[in-house]
Amino acid sequence: MAETEITKMASDYAENELELFRKTMDLIILSENGFASSTDILNSADQLKTKKMKKKEAEQVLKIFVDDKWLSERNGEYTLHTRCIMEMEQYILSTYPDIAKKCNICHSLAIQESDGFPVIIKKSKQKRASVFVALAEVS
């Protein structure tokens with residue numbers, strides 16, 4: 001079986017925690033602003049196919065994802081952490097081909113936002129990523 005970025009996480013997290021992470025990524029990437037509310041994420045915990053999670057347990061798992069730098073949280077809103085964007089780039093490109101592309105100019109990951117402008121995630125030489133809004137369309 002081919003190993004994906006998410007299956008590499010399997011040694012650190014239970015199957016239902018990974019499913020919650022996938023659902024959280026869906027909510028974030030498919031959102032209009034690149035964020036998902038804690039309410040929406042916690043509600044998705046009730047719909048897990050592997051093993052349902054109570055809201056309290058889901059809150060604890062989200063805290064672990066933040067502590068492990070897979071997600072960032074601010075005022076009850078979650079987004080992908082730099083680590084997640086860098087390590088999951090190929091997964092994001094293959095899972096969300098309609099909205100995640102490579103920028104034709106800098107070859108960094110670009111996620112199409114609802115206002116028509118992409119968010120470019122550019123890797124720096126220090127192996128960190130910076131996020132900025134590009135004012136040019138990515139095709």
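Contact here means heavy atoms within 4.5 Å. The model is predicted.

**Exercise 1. Find which residues leucine 42 touches, leaving aside its neighbours within four places in sequence.**

Step 1. Locate the residue. Leucine 42 is found in helix H3.

Step 2. Apply the contact rule. Leucine 42 then meets Lys55, Ala58, Glu59 and Leu62.

Step 3. Decide between buried and exposed. Buried means under 20% relative accessible area. Leucine 42 has 10% relative accessibility, so it counts as buried.

Step 4. Check a backbone distance. Leucine 42 and glutamate 57 are 15 residues apart along the chain, and their C-alpha atoms are separated by 9.4 Å.

**Exercise 2. Work out how H3 and H4 are oriented to each other, and which residues make the contact.**

Step 1. Read the geometry. H3 and H4 pack at an angle of about 120°, and their axes are 9 Å apart.

Step 2. Classify the angle. Roughly perpendicular covers 65 to 115 degrees, and roughly antiparallel starts over 145. The pair H3 and H4 is therefore oblique.

Step 3. Add the hand. H3 and H4 cross in a right-handed way.

Step 4. List the residues. H3 supplies Ile41, Leu42, Asn43 and Ala45, while H4 supplies Lys55, Ala58, Glu59 and Leu62.

Step 5. Sort them by type. This contact of H3 with H4 holds 5 nonpolar, 1 polar and 2 charged residues.

**Exercise 3. Determine where the buried residues of H3 sit around the axis.**

Step 1. Name them. Ile41, Leu42, Ser44 and Ala45 are the buried residues of H3.

Step 2. Look around the axis. These residues cover an arc of only 155°, so they lie on the same side of H3.

Step 3. Identify the partners. The buried residues of H3 pack against H2, strand E1 (36-37), helix H4 (55-67) and strand E3 (77-80).

**Exercise 4. Describe the packing of H2 with H3.**

Step 1. Take the angle and distance. H2 and helix H3 (residues 38-45) pack at about 140°, with axes 10 Å apart.

Step 2. Classify. Roughly antiparallel needs an angle over 145 degrees. H2 and H3 are therefore oblique to each other.

Step 3. Give the hand. The crossing of H2 past H3 is right-handed.

Step 4. Name the contact. H2 brings Leu20, Lys23, Thr24 and Leu27, and H3 brings Asp40, Ile41, Ser44 and Ala45.

Step 5. Sort by type. The residues in this contact of H2 with H3 are 4 nonpolar, 2 polar and 2 charged.

**Exercise 5. Describe the packing of H2 with H4, then place asparagine 16.**

Step 1. Take the angle and distance. H2 and H4 pack at about 75°, with their axes 11 Å apart.

Step 2. Classify. H2 and H4 are therefore roughly perpendicular.

Step 3. Name the contact. From H2 come Asn16, Glu17, Leu20, Phe21 and Thr24, and from H4 come Glu57, Ala58, Val61, Leu62 and Phe65.

Step 4. Sort by type. The contact of H2 with H4 comprises 6 nonpolar, 2 polar and 2 charged residues.

Step 5. Turn to asparagine 16. Asparagine 16 belongs to helix H2 (residues 15-29). Its relative accessible area is 7%, so asparagine 16 is buried.

Step 6. List its partners. Not counting residues up to four places away in sequence, asparagine 16 touches Leu48, Thr50, Lys51, Lys52, Met53 and Glu57.

**Exercise 6. Find the phi of lysine 69 and of asparagine 75, and compare their settings.**

Step 1. Recall the background. Most residues other than glycine have a negative phi.

Step 2. Read lysine 69. Lysine 69 has a positive phi of about 65°, although it is not a glycine. The residue sits in the loop between H4 and strand E2 (71-74).

Step 3. Read asparagine 75. Phi of asparagine 75 is also positive, near 55°. Asparagine 75 sits in the loop between E2 and E3.

Step 4. Assign exposure. Exposed means over 50%. Lysine 69, at 44% relative accessibility, is therefore partly exposed. Asparagine 75 reaches 72%, so it counts as exposed.

**Exercise 7. Summarise the whole protein chain: how many helices and strands does it have?**

Step 1. Count the elements. The protein chain has 6 helices and 7 strands.

Step 2. Put them in order. From the N terminus on, they run α-α-β-α-α-β-β-α-α-β-β-β-β.

Step 3. Gauge burial. Of the 139 residues in the protein chain, 41% are buried.

Step 4. Gauge sequence range. Among contacts between residues at least 6 apart in sequence, 44% join residues at least 24 apart.

Definitions and conventions. Residues are numbered from 1 along each chain as its sequence is written. This is a predicted model: local features need pLDDT of at least 70, side-chain atom pairs count only at pLDDT 80 or more; totals for chains, interfaces and linings use all residues. Side-chain values use heavy atoms; hydrogens and water are left out. Helices (H or I, at least four residues) and strands (E, at least two) are DSSP runs, numbered from the N terminus. Buried means under 20% relative accessible area, exposed over 50%, partly exposed in between (1.4 Å probe, protein chains only). Axes are lines fitted to C-alpha atoms, for helices over the stretch in contact, and angles run from 0 to 180 degrees between N-to-C directions. Angles under 35 degrees count as roughly parallel, over 145 as roughly antiparallel, 65 to 115 as roughly perpendicular and the rest as oblique. A crossing is left-handed if the near helix is turned anticlockwise from the far one by less than a right angle, and right-handed if clockwise. Ala, Val, Leu, Ile, Met, Phe, Trp, Tyr, Cys and Pro count as nonpolar, Asp, Glu, Lys and Arg as charged, and the others, Gly among them, as polar. The arc is that of the directions from the helix axis to the C-beta atoms.
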